[in-house]
Amino acid sequence: METLENTEELLKVFEAKIDAEIKIEPRDWMPGDYRKHLIRQISQHAHSEVIGMQPEGNWISRAPSLRSKKILLAKIQDEGGHGLYLYSAAETLGVSRDEYIQWLHAGKAKYASVFNYPALNWADIGAIGWLVDGAAITNQVSLQRTSYGPYSRAMIRICKEESFHQRQGYEIMWKMMEGTKDQQRMAQDAINRWWWPALMMFGPHDSDSPRTSNAMKWKIKRETNDRLREKFINKTIPQAELIGLKVPDPNIKVIGKDQMGENIYEHSDINWDEFWSVVNGNGPCNEQRLNHHIRAHEEGAWVRECAQAYNAKTNQ
Ligand code: BYC
């Protein structure tokens, strides 16, 4: 049992594990603020995966070929699976999935701002896979080394699937750039609309990020928002150039090389008013995304009841 006297001892053990890169596991003692931080971040991450199915789900029935439909279906199904891994990881912190969903529906929990933008045509499906999954994987590769065991293990599984998603999106863009002038225009229009929301996924600048300091101290985050954003920019601009696309930023300029000899770019700043407006519920699709989730959850109540009844009967 935790007492005032032994809290200091427990904290020392916790900090020694963090220092030694030993994962914190659900039954281990952890500071209350560490637990709260994880509850917030992992559940937001889970909600992002699930809400993120909506913009793409809209295009399953409109995919241009059976091959692309099958790939998109598999990809969206993966995202649902990622949500489930993450809800399970979050549940190990002592909060039920029902509560997480209630917080989402009540507007108390966030999800990635990027999913509040509409997917208007097939090129957007390419841009989402390439840029949104590309940004997500940049962040998630780093989160594989997060200090909380269940979150880290979920990230390892998720990253394996996410790199396929990024390639699926890039392949769509590349095919369109090999197509007609109209298809090339669609691809460029999609990158114009998704570039900035993808950069916003990494969160505010480090200097404006209230959560980063504790997250880095506890090794929940292993790299800061700005560092990850720069990595993504440096890796994505050459991919765009390779297939003849331009990122919608007139101030892109090579300013040096990294240790691997790859270009480092200077770029314009994000429109932070737009970012905060979307985060605070005023993006083009916030209302639609949340209402859809609430409706689907209500319509699925009978499935949950049947599963519980079956479970109760088989456990008698
Ligand atoms: N959108 O102090 P900060 C996918 C909030 S889905 C909304 O920097 P932190 C996919 C932040 O929560 C995977 N809110 O916070 C699925 C905080 O608010 P609270 C998506 C944002 O936590 C389907 C406040 O702003 N990936 O791949 O240190 C199809 C201050 O921020 C955002 C994840 O979810 C944002 N973009 O860092 C396709 C990654 N940015 O909580 C693809 C997991 C910031 O204080 N999350 N806020 O009320 C993280 O890595 C971190 O939470 C963040 C933010 C980097 C996002």
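Me: What does contact mean when one residue touches another?
Reply: Contact means that heavy atoms lie within 4.5 Å. Keep in mind that this is a predicted model.

Me: Okay, let's try it on V114. Which residues does V114 touch, leaving out those up to four places away in sequence?
Reply: Leaving out residues up to four places away in sequence, V114 touches V132, W194, P197, A198 and M201.

Me: Where does V114 sit in the chain?
Reply: V114 is in the loop between α5 and α6.

Me: And is V114 buried or exposed?
Reply: V114 has 0% relative accessibility, so V114 counts as buried. The cut-off for buried is under 20% relative accessible area.

Me: How far apart are the C-alpha atoms of V114 and V279?
Reply: They are separated by 9.1 Å, while along the chain V114 and V279 are 165 residues apart.

Me: Let's pick another residue. Which loop holds N116?
Reply: N116 is also in a loop, the one between α5 and α6. Its relative accessibility is 2%, so N116 counts as buried.

Me: What does N116 touch, not counting residues up to four places away in sequence?
Reply: With those set aside, N116 touches Y111, V278, G283, P284, C285, N286 and R289. Another pair to look at is N116 and P197: they are 81 residues apart in sequence, and their C-alpha atoms are 9.3 Å apart in space.

Me: C285 is a cysteine. How many disulfides does a search of the whole structure find?
Reply: The search finds zero disulfides. C285 is buried, with a relative accessible area of 4%. C159 is buried too, at 7%.

Me: W194 came up earlier. Which residues does W194 touch?
Reply: Not counting residues up to four places away in sequence, W194 touches V114, Y117, P118, A119, D124, A127, I128, L131 and V132.

Me: Now the nonpolar cores. In the largest one, which residues touch the most other members?
Reply: The largest nonpolar core has 50 residues, and those touching the most other members are L131, W194, W195 and L245. Elements that each supply at least two residues of this core are α4, α6, α7, α8 (181-200), α10 and α11. Apart from it lies another core of 27 residues, including L38, I39, A89 and Y100.

Me: Switching to pockets. What volume does the largest pocket have?
Reply: The largest pocket has a volume of about 1,100 Å³. It is lined by 46 residues, and R40, Q44, A112, M201 and G203 are the closest to its centre. Two or more lining residues come from each of α2 (32-51), α4 (66-91), α6 (122-143), α7 (149-177), α10 (225-242) and α11 (272-282).

Me: Which element gives the most to that lining?
Reply: That is α6, which gives nine residues to the lining of the largest pocket. By class, this lining has 20 nonpolar, 13 polar and 13 charged residues.

Me: And the second largest pocket, which residues lie nearest its centre?
Reply: V50, M53, H293, A296 and H297 lie nearest the centre, out of 17 lining residues. The second largest pocket holds about 630 Å³ of space. Its lining takes at least two residues from each of α3 (53-57), α4, α5 (97-105) and α12 (286-299). The largest share, five residues, comes from α4. By class, there are six nonpolar, seven polar and four charged residues in this lining.

Me: What about closed spaces: how many cavities of 30 Å³ or more are there?
Reply: The count comes to one cavity. Its volume is about 50 Å³. The residues lining this cavity are K17, I18, E21, I22, K23, R145, S147, K219 and R222. By class, they divide into two nonpolar, one polar and six charged.

Me: Let me follow up on E21. What is its phi?
Reply: E21 has a positive phi of about 65 degrees, although it is not a glycine. Most residues other than glycine have a negative phi. E21 lies in the loop between α1 (4-19) and α2. With a relative accessible area of 42%, E21 is partly exposed.

Me: And K219, what is its phi near?
Reply: The phi of K219 is near 60 degrees, again a positive value in a residue other than glycine. K219 is in the loop between α9 (212-217) and α10. K219 is buried, because its relative accessible area of 18% is under the 20% cut-off.

How values were computed:
Residues are numbered from 1 along each chain as its sequence is written. This is a predicted model: local features need pLDDT of at least 70, side-chain atom pairs count only at pLDDT 80 or more; totals for chains, interfaces and linings use all residues. Side-chain values use heavy atoms; hydrogens and water are left out. On a 1 Å grid over the protein atoms alone, a cavity is a set of points where a 1.4 Å probe fits but cannot get out, and a pocket is an open set with protein on both sides within 12 Å along at least five of seven lines; lining residues have an atom within 4 Å of a point. Grid points are joined across faces, edges and corners, and a volume is the space filled by probe spheres set on the points. Ala, Val, Leu, Ile, Met, Phe, Trp, Tyr, Cys and Pro count as nonpolar, Asp, Glu, Lys and Arg as charged, and the others, Gly among them, as polar. Helices (H or I, at least four residues) and strands (E, at least two) are DSSP runs, numbered from the N terminus. A disulfide is a pair of cysteine sulfur atoms within 2.5 Å. Buried means under 20% relative accessible area, exposed over 50%, partly exposed in between (1.4 Å probe, protein chains only). A nonpolar core is a set of buried Ala, Val, Leu, Ile, Met, Phe, Trp, Tyr and Cys residues joined through side-chain atoms within 4.5 Å.
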